[in-house]
Amino acid sequence: MPTVTLSDALLDELVQICGEEHVFAGAAARFNRARVPSPFPVHRWDEFVPDAVVLPTSAEQISEVVKLANRERVPVVPRAGGTGLTDGAVPLRHGIMVDVKLMNRILELDLEDRTVTVQPGINMLKLSEELKPHGFIYPDNPASYPCSLVGGRIGTSGWSLIGGRYGHTRDLVISFELVLPTGEIVRVGDGGGPKVRKSSSGYQLKHLFMGHQGTLGIVTEATLELVKRPEAEFSAFYAYPSYLDAWRATGDFARSGAATLAGVVLFDEWKLAYLRRDDEAYIPQPESVKAVVALALYGNDDEVRASAKRMLRLGKASGGTYLGDEISQGDWASRHDRYATPLHGRTRDGQVVPMSWHCEDASILYSQLPAVREKWHAIAAGLRERFDMFDDWGMFAYTNGAFKPWGDYLTEIDIGIWEMQWDDESWAAWVDAKREIARVALEHGGSISACHGSCREGEVDLVPEELGGGFEVMKAVKRALDPNNVMNPGKYLLDRAYEEDAP
Amino acid sequence: MATREVGSEGGDGALTEQFVAEWRNAAYNCYSSGHKFCREVCPVMQVTRDEAHTPTAFHANVVAMEQGHLSIEDVARDYVHCTQCGACELRCPNTLFTGDFYRFRTRTVDLVKAVRALAVESGVHQPGWQRWNELTDERKNEPVLNGTPVSQEHVADWADGLGLPVGGETVLFCDCEAAFYRTSLPRAVARILQAAGVEFGLMREQWCCGGPAAEMGYVDQARRFAEHNVADWRAVGAKRILVLDPHDYISFTEDYPRFFGDDYDFEIVLVVELVAELLREGKLTLSAPVDRVATYHDACRLNKRKGIYEAPREILRAIPGLTFKDVDHVTQWSYCSGAGAGLSIERPDLTAEISRRRVERAKRLEVDTLVSACVWSERPLSEQGESQDVEVVDLMELVAQAAGLEL
Ligand SMILES: Cc1cc2nc3c(=O)[nH]c(=O)nc-3n(C[C@H](O)[C@H](O)[C@H](O)COP(=O)(O)OP(=O)(O)OC[C@H]3O[C@@H](n4cnc5c(N)ncnc54)[C@H](O)[C@@H]3O)c2cc1C
Ligand code: SF4
């Protein structure tokens, strides 16, 4: 049982800052903030438990907490929705967890300059409910749309399913206020005023403070893009007899040049097999179907009509079989929820067991997709052969770039893991496999992560290799901004910034 | 609360072990997902924003108990934060998408009830609930009148002057809140049924249905009350039970069959569904205009637990003069009054805030009336309605008015 290491005096100070009802030191409050949905070593749960949890209600409170943490050299871990898949919100060194969920208000809706300013604990689905009567959406639309929160979107620099058309989190967040690792409150953005979308004044700090997994501060307020609710939506699914046919078609759709194109998704044979495990989740296709491509268009009615015609032409030319309207409306509409179905877990002999979901999210160049796919499946097969607790749930590739969705793809291999079986040996094998998966991505000129971040055990070892000299800059920035290494320590190998010979 | 506790090994180890054995597979099904799709739909979570009050935590705690990290003492208080509305179960992809295929359903409500029962059995009590159930046990009905004691002597006072017989094939079960507090509701129901020519009587001795006790974990008491009521039904020759409150409807269609198995052969009829049928068959006509602009509050136990959302709307559309501004039943998955499952006893502050938000949503539709079909929701909603200038009425009260019936 992990003992609470914070002194009573320190807890009292937290209470003075955040209020009695917003400070938790009970075991259940702490254990339930130790993990996120990615595979977790259940057998080592107590290594990741925070010492105390606070639910602050203002930037000032967070600033005070961070200053206190610096004074006492106690780690601070920011947590928003707790849905991140790279363990960003998992406390590696215990400490104080700053959970921002209670800061979930809409602060300003500016229909004229088209921005909405919110606190970091608001969820996008809830935000969109409020925007709907005004005819707007906030189109940051990850598969975790109903459960991730704005603060976590910024902390991870997330990817949106309709990012091809509307941009991803970094394109949709205009500016934000954050508490720096030493407690100062600053605002960073694209420039000047908090609502300016493009500026060349000074360093472009917005990007630096996005996707840092809570290692450079805690976002307390964000000004977001408002987008007119699209008049029309079109989606289509095509079936192909082979992966390569589907891959070529994906390229054709993505390079079509249609500005309405929100995204193209390529499902491989393994993914179809996974979805076929439950005939309700996927409208059954004949066995001859080995790969599927889905695409979606959004925009004004006249634009969508014209580009839909173009897509239908391309689809036909690619030799694909149009799968009908039912799947377009049904499957595409429920795309958020199809990811982790623990009940689809199968042991080697076909027994149904509840499995957790690991989701790889590398950025892979279009040209490299077929080769990477083969290598990744081989890694998954190796795991399954050794331990009858891993299961290959297949691959997706999604267009990745905002507004130019043709060059690289968010490439996902999903691996089911029967977590009740974890022991040190299987965990070590898993970490090795993750490192191998990441290595393949790098060998093919890609990136370890398109959106989740790459600070999980295994893959993180390759981050210095991926970033090269950039990793040295990262360390220098970290040490400069967080001299006491209190902000989410242990992530991204950043402890190296504090070693003797560090820059 | 900044109380400092570290997981203890207290409580009855054997009880916990038995509980964990029963729930571990279900718990792992959620634990393995852990994606929290259910979080924002939860009415309590929308207010507290506390991750320990989510279905994710409710399931993960079982895993943590199995691993020896948490004990019932550590977690019992968190499970107070649930109205057992069922929204999270509907929103859970494991139920939504693959449930039918695997004959699986995420059963968060049952889990919450089971943990509360484990707490009570292990001697971990919530003071408000303990007192509530003691008083109910003493008086046979819930202490809904605060200072004023309720008693068997007065359980049928609401029916004064209505000339209702005792017993018969069809018996109307009147919820405690309706019998002692919002008596306009049972009177409206009785008048409507009489007007439509439905023959029915009352019980000889109507005790609380036992549902609240079951919801708070006092399972033995719930069963004793159920046994009494069933014995009373049999004694008066009842075969068909009319139910005017959704909470009772859950007790009679879920708890009682579990207690009594095949011996339980009563037909349980929800008054709202019966009235919709009477209207359809022309046995009841509504001709007195009701000059109101109203929206309907989907009672959680009807909409989310039982899938009953059509009948109330059908009735509202049949009321002349009424302008009905509907909000669809799926949107209302995330709505609640906060009154259910004892939350209002242990956390009245949360009930009030949940109700305030519900009324605020109604207010935005520019209505003057919020219609409910759940008597338990009506007290907290009315309290909030007063300050927001929205009147809260029961659907049956409106029907009685539209049928020109005097209460
Ligand atoms: C089913 C499912 C589907 C998913 N699909 C997608 C997808 O399509 N696209 C995608 O991008 N991701 C996806 N994810 C991953 C995850 O939802 C995203 O990474 C999301 O951005 C995390 O947000 P969160 O609010 O849950 O953050 P958390 O998990 O709480 O935190 C994420 C990181 O941000 C930090 N952080 C949290 N709050 C703050 C703050 N206020 N200031 C600074 N740092 C902070 C944390 O320390 C952590 O490092 C999916 C996850 C699930 C479970
Ligand atoms: S209850 Fe369902 S939706 Fe909620 S976390 Fe568990 S599996 Fe996910």
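Biologist: In the predicted model, how many bridges pair β4(B) and β6(B), and in which sense?

Modeller: One of the bridge partners is known by name: B:A294 has B:T369 in β6(B) as its partner. The two strands, β4(B) and β6(B), are joined over four bridges, and their pairing is parallel.

Biologist: Which residue stands opposite B:V293 in β5(B)?

Modeller: β4(B) also pairs with β5(B), in the parallel sense and over two bridges. Opposite B:V293, in β5(B), stands B:T323.

Biologist: Which residue in β7(B) is the bridge partner of B:V371?

Modeller: Strand β6 of chain B, residues 369-372, runs parallel to β7(B), and four bridges join them. Within β7(B), the partner of B:V371 is B:V393.

Biologist: Which strands of this chain B sheet stand at the edges, each with a single partner strand?

Modeller: The sheet is open and has four strands, in the order β5-β4-β6-β7. A strand at the edge has a single partner, so one of its sides is left without a neighbour in the sheet. The edge strands are β5 (323-324) and β7 (391-394) of chain B.

Biologist: Which helix of chain B packs on the sheet, touching β4, β6 and β7?

Modeller: The direction of this helix makes about 170° with that of β7(B). One of the strands touched, β4(B), is mostly covered, with four of its five residues buried. The helix, residues 375-388, is α20 of chain B.

Biologist: Which helix gives the most to the largest nonpolar core?

Modeller: This core has 113 residues, and those touching the most other members include A:W45, A:W376 and B:F19. Eight residues of the core come from one helix of chain A, residues 424-443. That helix is α14.

Biologist: Which residues does A:F253 touch, leaving out those up to four places away in sequence?

Modeller: A:F253 is one of the residues that touch the most other members of the largest core. With the sequence neighbours left out, the residues touched are A:Y238, A:Y240, A:L261, A:V264, A:V293, A:L295, A:M311, A:L314 and A:G315.

Biologist: How many residues are in the second, separate core?

Modeller: Among the members of this core are B:V144, B:L164, B:M203 and B:C300. The number of residues is 106.

Biologist: Which elements give two or more residues to the shell around ligand 2?

Modeller: The residues around ligand 2 include B:C30, B:S33, B:P55, B:T56, B:P93 and B:N94. By type, the shell divides into six nonpolar, five polar and one charged. The elements are α1 (13-33), α3 (55-66) and α6 (93-96) of chain B.

Terms used. Residues numbered from 1 in each chain as written. Chains lettered and ligands numbered in written order. Predicted model: local features only at pLDDT ≥ 70, side-chain atom pairs only at ≥ 80, totals over all residues. Heavy atoms only, no water. Near = heavy atom within 4 Å. Nonpolar A, V, L, I, M, F, W, Y, C, P; charged D, E, K, R; others polar. Core = buried A, V, L, I, M, F, W, Y, C linked by side-chain atoms within 4.5 Å. Buried < 20%, exposed > 50% of the residue type's maximum accessible area, 1.4 Å probe, protein only. Contact = heavy atoms within 4.5 Å. Pairing = 2+ DSSP bridges. Axes fitted to C-alpha atoms, helices over the stretch in contact; angles between N-to-C directions.
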